[in-house]
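This report introduces a structure to a reader who has not met it before. Please look over the sequence and the model shown here before reading on.

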4 protein chains.
Amino acid sequence: MEIENHDWLPTAGGEEGKSKEIPSNLAPPQEGSRRRADTMSSVRSYMGLKPEAPIDEEHEHLEHHELLWSRTRLALREPFAEFFGTFIMVLFGDGSVAQVLLSASNTTSTIAPGGNGYGSYQSISWGWGIGVMLGIYVAGDSGGFLNPAITFCFCLYRGLPWRRFPIYFLAQFLGGFVGAGVIYANYINAINNYEGHNIRTVPPSKTATGGVFCTYPQAFLTKTSQFFSEFITATILMFVIFALKDESNRGAMGKTGAGPFFPLALFFLIFGLGACFGFETGYAINLARDFGPRLMSYAVGYGHEVWSAGGYYFWIPVRTLRRRPSSLMVASFLGCTFGGFLYDLFIYTGPESPINTPWMGLKQLTQPQNLIRQKEKSAV
Amino acid sequence: MEIENHDWLPTAGGEEGKSKEIPSNLAPPQEGSRRRADTMSSVRSYMGLKPEAPIDEEHEHLEHHELLWSRTRLALREPFAEFFGTFIMVLFGDGSVAQVLLSASNTTSTIAPGGNGYGSYQSISWGWGIGVMLGIYVAGDSGGFLNPAITFCFCLYRGLPWRRFPIYFLAQFLGGFVGAGVIYANYINAINNYEGHNIRTVPPSKTATGGVFCTYPQAFLTKTSQFFSEFITATILMFVIFALKDESNRGAMGKTGAGPFFPLALFFLIFGLGACFGFETGYAINLARDFGPRLMSYAVGYGHEVWSAGGYYFWIPVRTLRRRPSSLMVASFLGCTFGGFLYDLFIYTGPESPINTPWMGLKQLTQPQNLIRQKEKSAV
Amino acid sequence: MEIENHDWLPTAGGEEGKSKEIPSNLAPPQEGSRRRADTMSSVRSYMGLKPEAPIDEEHEHLEHHELLWSRTRLALREPFAEFFGTFIMVLFGDGSVAQVLLSASNTTSTIAPGGNGYGSYQSISWGWGIGVMLGIYVAGDSGGFLNPAITFCFCLYRGLPWRRFPIYFLAQFLGGFVGAGVIYANYINAINNYEGHNIRTVPPSKTATGGVFCTYPQAFLTKTSQFFSEFITATILMFVIFALKDESNRGAMGKTGAGPFFPLALFFLIFGLGACFGFETGYAINLARDFGPRLMSYAVGYGHEVWSAGGYYFWIPVRTLRRRPSSLMVASFLGCTFGGFLYDLFIYTGPESPINTPWMGLKQLTQPQNLIRQKEKSAV
Amino acid sequence: MEIENHDWLPTAGGEEGKSKEIPSNLAPPQEGSRRRADTMSSVRSYMGLKPEAPIDEEHEHLEHHELLWSRTRLALREPFAEFFGTFIMVLFGDGSVAQVLLSASNTTSTIAPGGNGYGSYQSISWGWGIGVMLGIYVAGDSGGFLNPAITFCFCLYRGLPWRRFPIYFLAQFLGGFVGAGVIYANYINAINNYEGHNIRTVPPSKTATGGVFCTYPQAFLTKTSQFFSEFITATILMFVIFALKDESNRGAMGKTGAGPFFPLALFFLIFGLGACFGFETGYAINLARDFGPRLMSYAVGYGHEVWSAGGYYFWIPVRTLRRRPSSLMVASFLGCTFGGFLYDLFIYTGPESPINTPWMGLKQLTQPQNLIRQKEKSAV
């Protein structure tokens, strides 16, 4: 109930607020159009999305429901937004690694003088930071999560409907997968030039280019340290994002959270994680950004080593405790969950967080009707 | 019709809105002044500009129409803005390349210690990013396109009058041309110092300074990769610009598009393109920024190689398929068109995009009266 | 009295303003709840905090006072905010030093190509700048001081209750201490890889990693220069922060102070201090950021040298004149005090600064009842 | 007359607007206080300042006029602001050069690993950019010019009273002079360590540290190129500042000029000038930033070479054409004047620019009563 007051919540006020703004004296749509609209609403509700797609009220006047494609993209509006947001993020992120890595040997160029290639490690911080910032602008309508672990935490702590998780997950994964494919297509000549034709290797190979697409840990790291590094980075990520989005966190001069500075603040956050926590495991902190491109690199011929490198390290962003086959928990999910837990435990006072309910929400777990109730709410 | 509601559109509400704000009880201008004003309006309409130049309503009280120069600059207000915006952009962009390139051998300076010259490749990302950001501030009145391909896409997808394209194109081209000339004048001693007196070469010459003015591709690139690199970069550019300018793309906390953060976001976008896609072909993505300075470098004596280098690569930003003489299509135009198409197909819902009309606007192509109607609209 | 009008003051309007916004027609809480609330209010008043914790009025409806933990975190709301703000700051700051230092020998990596490691000195400027910026967002409810010397100056010059100083000090110190511990845990493998197992040294050892946690001065510095460097840096810090937070400092276009740009401006301020004043003593300028991590590095085994290095230089941020055992004054406190004095003497006109009272507030020192009055004010 | 409507003008609406906001029903001040206030007003008017100092209306209630110091600082409010703004700017700017230069030989440090010292040329761009940004925040009440040539152009083109120029000039010069002194005091040990005790040299000496304080041109530059480089940089500076401050330059989405982004945009502008035009002459573009520190470096013992280096190049920022003894015009002034001329000629439509008056203001020169009228206006 109070959830509805948090208008930045993708499930709640934000979009509902918009639909309220539509003047009620509009002419009723025709019968066929109405029926199609009803179908779309139920499809959307099934995915956990608001029945009404979040579009500008001025654009409502169009015969959106008359055309098959218009209906499709209204039905899939938020997943499309997440797809393209993650796509843009990975284009810039993987693109920056590709440029730095592949130009490192390019010491004779006169366009990039000084013999230092076309970038340094810091360029990668820029690339990922810019990718996330612009991806958030692109994915404004869906919340701009771009990361399954973050979507997960918004479901867990901020009342985002759980039903929405699978379709967002799929969209994010595909965004990373396709983005990595475009980067590969763009840099295929440069990779051939760097590694040799049809040679594709991953670290610790000396000329490995597999690091363009996904992360490989430093050799000196123990399994525990691999996990801890990803875990703490994800914890910080989620903790700070919750702070930046917390409208009840009033700073000096009455500002609440980061407000319109949010995308810019995310640039600094991601840049900072790269500059401060990127050395050991490459700050994957995002299954969509790591697993999608990893699969793509496997698909284009980097071989089985993309999975086995670093002692099957890739499980860390995917599934940490591989001895427990039932475990779906992974470092980025665990870290984000812990970061959100910390924030809500010590700082957040909003009622939609289970931490702020009696017994810190554990009671809810024993009362499955709560989940049902939430489901109904999101379907309204 | 609905187009008029999008007040950020250079053709529409934005400027019209301003003229509406002028108090109607102003004393009528004298007869001669009125006649001159009418002449100016028709000149402006002929170029596809709004009849009334977009100036502050407080400044309307001046006897603008009395003086020849005042009338001229009101008539050419937007082209002047585009000229100076592109001029500033190229000054910073080419200036950054010049500084990095020409100071690379300057390892003994005590002012720039460390023997690394006065910048690295990253400085070039800064230079172009800052140039675009400041150019947009300068060219506020014209829309701040600074790139013919972007103007083209606003004509195609956002209802900017086609008639405006040629004069904007000319202004942007001249801005790039003159900007490159100023950079050459500024760095002529340094170029002499670097290459030798009256020696002017382009890559792959070891001491080439032609790269200061325009882009030259890496030697290992195939023609297809040259094209793809420019194409994908232009695609991203247009896709993200449409997202940043999309007021119906509501992000978290009710913000719509990038709003006043637009110039800053463009800094990050251009920086990111430089850091992530600048290695292979130098991210020209802009005919005005590449062809204008290229012509200037030819004019000051870099020789025929400015055209033939990289297998007549310069056609890529100008005319990709040189075997088809009728083709005016070029990589940056094709890429931007595709990027705008992607955005409108999957995300944008506004009615001024032909993608959002029946048959995705193809029907309009078969009905030339639409173009006529648009022409009339812009002439009102 | 006028102090209450400065609503950005943590002690004053800001929080009181919020409580005023609570609709007065709320149903009165139950008796037990009211009693618990009263207890909490007096605990908070004892610490110099406003009786009502600064939380969103919408969140007031919760049964916050029913649960022990809810009461605890309301009572300690601002200290928690300071703790986590400093924690985040030190995570990014020390993390950036760790990454730059520990990856310097990592010249064979293919992920960070070019053989320059995973960052340069500039990365450290980024790390601390980002840490402070994000820490301020996290610690919005407490004022985001993150530095005992800054809290001190707000008590001295801006009417922040002196009673609040100890609990803030403790929170900030613990934030730095715990943050350094997390960084140590995260980078323990990398430290072992760099220094060797169980070898932990501080400068001037060639493989010292002690600099990850706290600052060590350059060898060529005299004691006076050590002090002056820290003093002038702290002076600039406080002077600029007062300018940025000064709502009566109206710049061009009617803006007052930095407003919502404050966290971003702090990024630039801290970055600038690192880039311009970080060479000699490492710009500690913050007891919480230096002493907390120094103690942690001592705890994990860096030995007595963490204290004795640089001729017991660490006293500079802690206690400058070690010959005078009664002196609690330290370089960062002296510098900040001087910076605040300069700003209030030459620029600030607000009445809550003692500089703007007769005899520049010295009269107040001779009239202890003023302090008492202030104490009462903060307890209201 | 219309000037008064431009409320960002230091001379006009901005401050007058404030004084208007003062409730008129305040109790009249006592007789002695009123007399002192009258004295202050006439002192301020004599300097071309508004009779009422620009302070917050809430702060007006204080007995400002009772205390000598309060009266003094009200009388000198804007000069103090300019002094401290320039002071802060030079601290960061010269500090960044000092750090980069003096740490270049510091390749054994373990705190700044990688053997690349504590910064690179880019750090200097950061330093000056941050210095200008923060200086503008500090000098909000005076307009934040920080540069005599910019003050000059605001007098010439924007109706700032000419009488204000001398006191601003003095304040800016002293700010640079004192700032350079603080930097020298801070880095004296490091300079001794770098050059040797009591050895102070300027370029082209191999160990010169004179470049910390002021600019020295590259050896390969001709006199004309020295002049052109400074001239074009100053032109760009003024042109872009006028664009950023032009509220009638409406960009996309209704924003006017840079608005509250102005200090941030200046960061990017100055950074860009450093990255793109800093190689040849060091982008002095500011007499206060170059002449003040140059005099200080002479005062502390850098010898006569601070004046004679580069063929008395220092005249370029001071007096370009030294053969014409009557000329007070200098490169930075000429460049800024030309940049402002360009902007007003092609883009600006406001009536306070003489370019927008008949005969482009030349008529005014022949009618000295205009100057008198302006003088009266500023004294009202």
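## Report on the predicted model

In this predicted model, A:M47 touches five residues that lie beyond its neighbours within four places in sequence: A:A75, A:L76, A:R163, A:R164 and A:I167. A:M47 itself sits in a loop of chain A, the one that joins helix 2 (31–46) to helix 3 (68–75). One of the contact partners is A:A75, which is 28 residues away from A:M47 along the chain, with 9.4 Å between the two C-alpha atoms.

Is A:M47 buried or exposed? Its relative accessible area is 12%, and the limit for a buried residue is under 20%, so A:M47 counts as buried.

The setting of this residue is chain A, which has 15 helices and zero strands. Chain A consists of 380 residues, and 68% of them count as buried. Among the contacts of chain A with a separation of 6 or more, 71% are made by residues 24 or more positions apart. The accessible surface of the chain amounts to about 13,000 Å². Carbon and sulfur atoms supply 62% of that surface.

The model also holds further copies, and two of them can be compared with chain A. Chain C is brought onto chain A by a turn of 90 degrees, with a shift of 0.0 Å along the axis and an RMSD of 0.0 Å. The two copies are therefore related as by a four-fold rotation axis. The residue of chain C that comes closest to this rotation axis is C:F261, whose C-alpha lies at 6.1 Å. The copies use different surfaces, for 11% of the contact residues of chain C recur in chain A.

Chain B can likewise be superposed on chain A, by a rotation of 90 degrees with 0.0 Å of shift along its axis, at an RMSD of 0.0 Å. In chain B, the C-alpha nearest the axis belongs to B:F261, at 6.0 Å. Here too the copies use different surfaces, with 11% of the contact residues of chain B recurring in chain A.

The residues nearest the axis are set out below.

| Chain | Residue nearest the axis | C-alpha distance from the axis |
|---|---|---|
| Chain C | C:F261 | 6.1 Å |
| Chain B | B:F261 | 6.0 Å |

Notes: Residues numbered from 1 in each chain as written. Chains lettered and ligands numbered in written order. Predicted model: local features only at pLDDT ≥ 70, side-chain atom pairs only at ≥ 80, totals over all residues. Heavy atoms only, no water. Least-squares fit on C-alpha atoms with pLDDT ≥ 70 in both. Contact = heavy atoms within 4.5 Å. Helix = DSSP H or I, 4+ residues; strand = E, 2+ residues; numbered from the N terminus. Buried < 20%, exposed > 50% of the residue type's maximum accessible area, 1.4 Å probe, protein only. Areas by Shrake-Rupley, 256 points an atom, 1.4 Å probe, with all protein chains shown as cover.
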